[in-house]
Amino acid sequence: MKAYQLSAEYLRNKLSQRKPKVAIILGSGLGSLADAIEDPLIIPYYDIPGFPTATVHGHKGQLVIGTLGNQEVACMQGRFHLYEGISPEVLQIPLRALKLIGCEQVLLTNAAGSLHSEMAPGSLMLIEDHINFTGLNPLTGENDEAIGPRFLDLTQAYDRDMRTSIQRVAKEMKIELHNGVYLWAVGPTFETPAEIRMFRLLGADAIGMSTVPETLVARHCGMKVAAISSITNLGAGMSGNALSHEETLDEGQKAAKLLGDLIVKWLESLL
Ligand SMILES: O=P(O)(O)O[C@H]1O[C@H](CO)[C@@H](O)[C@H]1O
Ligand SMILES: Nc1nc2[nH]cnc2c(=O)[nH]1
């Protein structure tokens with residue numbers, strides 16, 4: 001059996017009657033969103049066969065399964081990044097396991113730097129497309145045609161219907177939701193000011209070290225994907241301030257309530 005099949009089998013046994021259809025991945029500083037999940041079944045990643053363990057400060061490392069916005073959800077409280085030394089192949093495991101237990105759509109969240117001074121810290125950005133600036137891809141290696149195609153079309157990486165419904169809910173809630181392109185840099189260093197200037201020229205609006213590999217794996221196995229960035233800082237060199245992960249976590253936590261409210265209302269709207 002493959003690692004993700006082992007993970008899924010373990011999770012299926014734990015789930016009993018629960019049938020999460022929506023997966024949510026919480027980014028840096030956004031972990032508290034999982035605290036609102038009712039009747040939670042909490043499974044630490046280290047208990048799940050095949051799963052890596054979360055190493056980044058502020059990423060708790062557990063799967064929380066329960067009810068949010070009247071929907072059954074499976075929420076990853078903490079994610080994996082390539083810069084942690086995790087191989088691209090291992091990055092496939094969580095999303096494929098979530099698909100195997102029945103999740104059909106996934107909402108990814110992240111903390112990101114903004115490339116526009118008008119999109120200041122505290123802003124939310126719905127990802128409409130991405131740029132993979134790493135030259136790496138979690139789908140590299142042998143392809144299992146039973147999971148997805150060797151050559152995956154990414155014309156609609158971020159699902160149009162999910163984006164439309166999230167935008168509609170944000171509008172109803174009078175939440176300003178920017179739209180933009182997220183650029184995946186491998187990290188773990190933040191960018192130089194020269195890189196930020198270059199990324200702006202390339203058409204990026206926000207930058208971070210996650211999300212894109214999850215999108216690729218999820219789309220490959222047929223899940224629908226939407227993603228929202230919580231802007232925690234302006235890109236390097238734009239404000240004169242030094243960047244730090246502590247700032248990411250602080251600003252992420254400040255935005256978590258707003259993003260949480262938006263996610264709950266969106267889930268309610270799916271009924
Ligand atoms: O993308 P998430 O996991 O939200 O975290 C972002 O914040 C961290 C840097 O502070 C990096 O891991 C970056 O990707
Ligand atoms: N690469 C990158 N990741 C981030 N995560 C939060 N802010 C940033 C940033 O400015 N750059």
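**Figure 1. Lys257, an exposed residue of helix H6 (245–269) in a predicted model**. Lys257 has 12 other C-beta atoms within 10 Å and is therefore exposed. A residue counts as exposed if 12 or fewer other C-beta atoms lie within 10 Å of its own, as buried if 20 or more do, and as partly exposed in between, with C-beta atoms placed from the backbone. Lys257 belongs to helix H6; helices (H or I, at least four residues) and strands (E, at least two) are DSSP runs numbered from the N terminus. From Lys257 to Gly141 the C-alpha to C-alpha separation is 40 Å, and the two lie 116 residues apart in sequence. Because the model is predicted, local features need pLDDT of at least 70 and side-chain atom pairs count only at pLDDT 80 or more, while totals for chains, interfaces and linings use all residues. Residues are numbered from 1 along each chain as its sequence is written, and chains are lettered from A and ligands numbered from 1 in the order in which they are written.

**Figure 2. The surroundings of ligand 1**. The shell around ligand 1 holds 13 residues, of which Gly27, Ser28, Met209, Ser210 and Thr248 come nearest; a residue is near a molecule or strand if its C-beta atom, placed from the backbone, lies within 6 Å of it. Strand S5 (105–114) and helix H6 each give two or more residues to this shell. Three of the shell residues are nonpolar, nine are polar and one is charged. Here Ala, Val, Leu, Ile, Met, Phe, Trp, Tyr, Cys and Pro count as nonpolar, Asp, Glu, Lys and Arg as charged, and the others, Gly among them, as polar.

**Figure 3. The surroundings of ligand 2**. Ligand 2 is surrounded by 15 residues, and the closest are Ala111, Gly113, Ile207, Gly208 and Thr248. Two or more residues each come from S5, strand S8 (206–208) and strand S9, and S5 gives the most, with three. By class, seven residues of this shell are nonpolar, seven polar and one charged.

**Figure 4. Helix H1 (residues 3–15) and its buried side**. The end C-alpha atoms of H1 are 18 Å apart, which agrees with the 18 Å that its 13 residues should span at 1.5 Å a residue; the expected span is 1.5 Å times one less than the number of residues. Tyr4, Ser7, Ala8 and Leu11 are the buried residues of H1. They cover an arc of only 95° around the axis, so they are on the same side of H1; the arc is that of the directions from the helix axis to the C-beta atoms. Helix H2 (93–100) is included in what covers them. Ser16, which follows H1, has a positive phi near 45°.

**Figure 5. Helix H3 (residues 160–172), with a buried and an exposed face**. Met162, Arg163, Ile166 and Val169 are buried in H3. These residues fall within an arc of 130° seen down the axis, so they line one face of the helix. The face turned away carries the exposed residues Arg160, Asp161, Thr164, Arg168, Lys171 and Glu172. Cover for the buried residues includes S5, strand S6 (124–132), strand S9 (224–234) and H6. Just after H3, Lys174 has a positive phi of about 60°.

Note on methods. Contact = placed C-beta atoms within 7 Å.
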